[in-house]
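Trainee: I would like a close look at a single part of this model, with enough of the surroundings to place it. Please take it slowly and in one piece.

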Number of protein chains: 2
Amino acid sequence: MSEQIVEHIASAPSSAAENVRSITDRARRASRRMAGANRAWKDRALRAIAKELLANEHHILAENARDVAAGREQGTSAAMLDRLTLTAQRVQGLADALENLASLPDPVGNVVRGQTLPNGLRMRQVNVPMGVVGAIYEARPNVTVDIAGLALKSGNAVILRGGTAAAHTNEALLAILRDALDSVGLPADAVQSVDKYGREGANLLMKARGQVDVLIPRGGRELIQAVVTNAAVPVIETGEGNVHIFIDASAREDMCVDILLNAKTQRPSVCNTVETLLVHKDATVTRAVLKALSDAGVRLHVDSRVAPLVPAGAASFPATDEDWATEYMDLDLAVKMVDSLPEALEHIRKWSTGHTEAILTNDLGNAEKFIAEIDSAAVIVNASTRFTDGGELGLGAEVGISTQKLHARGPMGLTELTTTKWIVQGEGQVRA
Amino acid sequence: MSEQIVEHIASAPSSAAENVRSITDRARRASRRMAGANRAWKDRALRAIAKELLANEHHILAENARDVAAGREQGTSAAMLDRLTLTAQRVQGLADALENLASLPDPVGNVVRGQTLPNGLRMRQVNVPMGVVGAIYEARPNVTVDIAGLALKSGNAVILRGGTAAAHTNEALLAILRDALDSVGLPADAVQSVDKYGREGANLLMKARGQVDVLIPRGGRELIQAVVTNAAVPVIETGEGNVHIFIDASAREDMCVDILLNAKTQRPSVCNTVETLLVHKDATVTRAVLKALSDAGVRLHVDSRVAPLVPAGAASFPATDEDWATEYMDLDLAVKMVDSLPEALEHIRKWSTGHTEAILTNDLGNAEKFIAEIDSAAVIVNASTRFTDGGELGLGAEVGISTQKLHARGPMGLTELTTTKWIVQGEGQVRA
């Protein structure tokens with residue numbers, strides 16, 4: 001039924017602008033019903049989606065195979081093909097994540113603060129859904145299910161714009177999401193897509209201020225910057241991480257080796273992996289750290305003072321300014337020697353994207369100075385940068401990692417997909 | 001529109017762009033020192049500003065007189081001249097407000113949440129200053145001192161862009177603000193202005209993403225919409241209030257009269273004043289309410305069902321759609337009769353700016369439905385809409401009233417001029 005409606009609109013002789021406006025209007029209406037749904041009802045929807053994903057696994061994988069085949073034909077890189085590909089295991093992962101989401105508390109209705117004012121007015125500020133959330137992302141079909149689940153759990157309607165290269169997969173997933181909502185009596189229009197309007201659909205979504213309450217871009221630097229620059233809708237900027245670790249003179253060797261290996265090699269393609277290592281000139285651990293990293297297959301991009309400490313046979317290159325600026329997201333690491341903590345702070349201020357920075361030290365004063373002066377979403381002392389993660393920090397689920405300062409900074413949980421409403425109740429009070 | 005602005009900037013003499021970049025760079029450096037200043041130090045600065053304002057009152061009033069004279073010559077409206085004018089009493093008011101600010105708790109350093117994670121990591125999320133706050137406002141010189149005080153108290157640097165019509169006054173105030181900061185050992189560059197670059201300066205400020213952390217426009221609808229539409233820097237939209245009161249069938253007469261009089265006539269020029277009254281067809285109080293309003297000098301813009309209830313001799317006009325859309329900010333009120341609560345909700349959804357809506361009722365179910373379904377920053381039951389105010393709701397000081405959903409919604413206090421930082425401390429933990 002709902003599919004037929006979408007078809008009908010697409011074939012109507014109206015412009016993309018009108019169609020997208022109709023989508024945002026339907027999203028607004030659906031958002032009102034979602035806002036009124038209690039936790040049990042929303043959780044039923046999430047479990048229904050999980051069940052339908054598993055029941056329709058063959059169909060999903062068949063549609064995904066079409067996208068992957070087309071991608072391969074067009075010479076898409078192996079890394080991008082991997083992100084595009086769904087497997088039985090990955091579908092199970094999506095279903096499991098939805099079950100986990102259903103087990104989490106509902107952020108809606110939480111009282112942020114409340115009091116009875118001197119004049120007897122009862123005031124409370126309560127978390128309520130944002131309303132309509134827009135998501136613009138690349139050809140990673142898992143994001144379709146992931147962001148829809150997060151938006152629904154927090155009582156929102158969502159409008160999706162996935163990468164064209166995943167069009168068949170996303171269409172199949174969208175139908176499943178909508179049918180599952182419908183099956184529990186929630187509005188199918190709480191999940192819609194502007195994919196059929198291509199790039200124009202994305203642009204219209206970015207301009208729909210008043211219709212869309214917040215826009216979340218997920219993907220690489222270019223995608224995020226394009227959204228940030230062009231959107232009139234408020235955007236939450238996520239994910240870019242040029243992450244630094246500073247090894248202070250007093251840092252312990254075993255700790256440094258373990259943390260650098262973890263921060264660089266555990267999952268190099270994610271945003272909380274370390275990209276530049278700064279070493280104090282008096283640190284005694286540098287040689288051991290570089291050896292361990294090199295043994296683990298890390299390519300080292302080093303300045304002239306670090307070069308003599310690189311073990312023989314290591315893959316090593318002279319570092320340029322480009323290295324300090326680069327988020328490699330691969331087994332590469334820039335390494336620079338500094339004379340002091342202030343020099344390290346200065347380097348980080350110049351090159352950081354404000355995601356995560358860590359200091360490894362046994363000097364309390366230096367730890368405090370680093371915490372106070374680093375202006376990043378997460379500041380870590382003596383632990384791996386990989387901990388900047390909603391799951392690790394106890395948020396239950398992660399919408400993304402915000403690198404901006406407004407609304408959400410660092411790992412975003414379900415609460416960050418809500419806003420607040422002030423509720424004031426009296427018995428006739430007027431202002432004096 | 002935004003493309004025109006981009007072009008405009010591209011063709012601008014490079015000096016304005018370079019100068020504004022130098023201003024934002026100095027603001028960033030100053031913001032670091034402000035972030036490191038404790039509450040006692042910041043409060044000393046606020047008190048020094050208050051003292052210098054009073055000591056330099058004659059100079060301020062003389063400079064202000066030049067602006068007022070120029071405004072009068074150019075035929076500026078009486079209302080705008082009033083907003084532009086400073087008096088000894090108003091300067092005293094600014095000094096008092098700074099003293100009040102100094103007496104408020106510091107939002108910086110407040111721990112939003114914290115816990116020890118299963119792996120022993122200590123995590124806390126702490127309020128820290130935004131960094132660099134931009135303010136774009138009209139020719140109201142009191143805003144210069146007001147917004148600077150709020151920004152400084154919350155540990156930020158601020159860059160001001162006031163209306164050209166207040167240029168002499170703002171220049172005098174800026175010098176006082178900077179001297180006072182310097183006198184207590186805080187950086188003068190924590191308060192700067194781009195006023196000398198005129199419209200160019202405002203445009204450059206709006207595009208300075210990464211240099212300016214948040215932009216707060218204060219003023220009329222046109223100014224705010226221009227900033228919202230053109231800024232690449234995150235904006236907090238404030239102040240537009242097309243505020244509704246719905247009188248339900250069961251509302252008590254005395255309460256309705258008192259609240260409507262207060263909400264419409266106490267201070268008609270502010271954003272929390274009521275602009276449209278919706279009356280249930282079965283409400284028995286409508287005639288009395290209209291009489292009281294009319295006696296108080298309110299001009300009534302009524303639909304055809306309300307017209308017969310308007311007292312003889314009242315200033316009354318037939319309402320059109322334009323009336324439902326208008327934020328009069330004057331002694332005017334649109335009045336419409338509805339058949340039901342759902343019809344009232346529908347009207348509000350169509351015309352509200354999402355600031356404040358109130359219901360006057362004795363029906364619990366209707367009160368609950370109104371609270372749940374109205375999607376505005378503040379929802380009020382049986383009290384005046386004038387309570388949507390930071391001071392009234394216990395925030396101590398008010399930055400503005402946000403009508404957007406991101407970051408801040410409704411009255412914004414000092415905390416809304418901060419962001420958060422996640423601080424994670426361990427002893428060598430790595431991610432499993």
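Mentor: What follows is an account of one helix, then of the strands beside it, and then of the chain around them. The model is a predicted one, and the part I have picked is helix α12 of chain B, residues 286-295.

Start with the helix itself. Its buried residues are B:Thr286, B:Val289, B:Leu290, B:Ala292, B:Leu293 and B:Ser294. The cover over these residues includes four strands of chain B, β7 (243-247), β8 (274-280), β9 (299-302) and β11, together with the helix α11 (253-265). Just past the end of α12(B) comes B:Gly297, with a positive phi of about 90°. Most residues other than glycine have a negative phi.

Now take one of the covering strands, β7. B:His244 sits in this strand of chain B. Its relative accessibility is 0%, and since buried means under 20%, B:His244 counts as buried. Setting aside neighbours within four places in sequence, the contacts of B:His244 include B:Val274, B:Thr276 and B:Leu278, and strand β8 of chain B spans 274-280. Further contacts of B:His244 come from later in the sequence: B:His347, B:Ile348, B:Trp351, B:Ser352, B:Thr356, B:Glu357, B:Ala358 and B:Thr385. For one of these, B:Ser352, the separation from B:His244 is 108 residues in sequence but 7.4 Å in space, C-alpha to C-alpha.

Another covering strand is β11, and a residue of this strand can be described in chain A. First, how the chains relate. Chain B superposes on chain A after a rotation of 180° with 0.0 Å of shift along the axis, and the RMSD is 0.1 Å. This is the relation of a two-fold axis. The two copies use the same surface, in that 100% of the contact residues of chain B recur in chain A.

In chain A, then, A:Val335 belongs to strand β11. A:Val335 is buried, with a relative accessible area of 0%. Apart from neighbours within four places in sequence, A:Val335 touches A:Leu277, A:Leu290, A:Leu300, A:His301, A:Val302, A:Asp303, A:Val306 and A:Trp324. A:Val274 is 61 residues away from A:Val335 along the chain, and their C-alpha atoms are 11 Å apart.

Just before β11 there is a backbone detail. The loop between α13 (321-325) and β11 (332-338) of chain A holds A:Met329. A:Met329 has a positive phi of about 55°, although it is not a glycine. With 32% relative accessibility, A:Met329 counts as partly exposed. Chain B has its own case in B:Met329, also with a positive phi of about 55°. B:Met329 lies in the loop between α13 and β11 of chain B and, at 32% relative accessibility, counts as partly exposed.

Elsewhere in chain A, two helix residues can be set beside these. A:Ala202 is placed in helix α9, residues 198-207, and is buried, with a relative accessible area of 10%. Outside four places in sequence, A:Ala202 is in contact with A:Ile136, A:Arg161 and A:Val194. A:Arg26, in helix α2 (residues 16-36), is buried with a relative accessible area of 11%. A:Arg26 and A:Asp254 are separated by 228 residues in sequence and by 57 Å in space, C-alpha to C-alpha.

Last, the chain as a whole. Chain A contains 15 helices and 16 strands. Its radius of gyration is 24 Å, close to the 22 Å given by the globule rule for 432 residues, so chain A is as compact as a globular protein of that length. Its C-alpha atoms fill a box of roughly 70 × 70 × 35 Å along the principal axes. Of the 432 residues, 58% count as buried. Among contacts in chain A with a separation of 6 or more, 72% join residues 24 or more positions apart. The accessible surface of chain A is about 16,700 Å², and carbon and sulfur atoms make up 51% of that area. Chain A carries 45 positive and 53 negative side chains, with the centres of the two sets 7 Å apart.

Terms used: Residues numbered from 1 in each chain as written. Chains lettered and ligands numbered in written order. Predicted model: local features only at pLDDT ≥ 70, side-chain atom pairs only at ≥ 80, totals over all residues. Heavy atoms only, no water. Rg over C-alpha atoms; globule rule 2.2 N^0.38 Å. Buried < 20%, exposed > 50% of the residue type's maximum accessible area, 1.4 Å probe, protein only. Contact = heavy atoms within 4.5 Å. Areas by Shrake-Rupley, 256 points an atom, 1.4 Å probe, with all protein chains shown as cover. Lys, Arg positive; Asp, Glu negative; His and termini not counted. Charge placed at Lys NZ, Arg CZ, Asp CG, Glu CD. Least-squares fit on C-alpha atoms with pLDDT ≥ 70 in both.
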